[in-house]
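Reader: I would like to learn how to read salt bridges in a model such as this one. Could you take me through the general idea and then the case at hand?

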Amino acid sequence: MPRPRPPSVRRRKSAQQKPAPISIPERGLKIGEAARALDVETYVLRFWETQFPFLKPKHTRTKHRFYQEKDLDVLRLIKRLLHDEGFTIVGANKHIKEFGIDTLMTGKPVAKPAPTASAERTSSQSPGIDGQARRVLNEVRRDLESIHKILED
């Protein structure tokens, strides 16, 4: 009788389990150690390093990565945005660029930016549009302005 095969997909730990605090050696954590501390696979950390330009762990001459406490904080932020808050990678990059990485790492909720004067002026000039349509159009305008800003940088 053949044995049942274990599932091929790694099961996530419940969100209620908090990882045990780890002590980071002076040299930093190797990629496997950092991946275990964050409960992700090593290839995920390598991929995030290619997608988030501000994520730059130290590399030795032999190309080994060593993650310091600051790098782990950034990785926790990225994981929170992608896994908990449902951002896409592009959306997470945009969000971090808009609010700043240091502000987001505090964990405090961030307020949406106030509408620009040009958006308010445009909405007051079009009296034929109802309130909900105006809100949607203003939101689209803000999104387009954000995309334009990203493309300029």
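Author: Side chains of opposite charge can pair when their charged atoms come close. Here, the side chains of Arg76 and Asp73 meet in a salt bridge, at 2.9 Å from N to O, the term standing for a side-chain nitrogen of Lys or Arg within 4 Å of a carboxyl oxygen of Asp or Glu. This is a predicted model, in which local features need pLDDT of at least 70 and side-chain atom pairs count only at pLDDT 80 or more, while totals for chains, interfaces and linings use all residues. Residues are numbered from 1 along each chain as its sequence is written, and side-chain values use heavy atoms, with hydrogens and water left out.

Reader: Where do Arg76 and Asp73 lie?

Author: Both belong to helix α3 (residues 69-84), three residues apart, about one turn of the helix; helices are DSSP runs of H or I with at least four residues, strands are runs of E with at least two, and both are numbered from the N terminus.

Reader: Is Asp73 buried or exposed?

Author: Asp73 is partly exposed, at a relative accessible area of 30%, where buried means under 20%, exposed over 50% and partly exposed in between (1.4 Å probe, protein chains only). Arg76 is likewise partly exposed, at 37%.

Reader: How many salt bridges are there by this rule?

Author: The count comes to five. Among them, Arg76 also pairs with Glu69, with 3.5 Å between the closest N and O atoms, and Glu85 pairs with Arg80 at 3.0 Å. Salt bridges that share partners join Glu69, Asp73 and Arg76 into one network.
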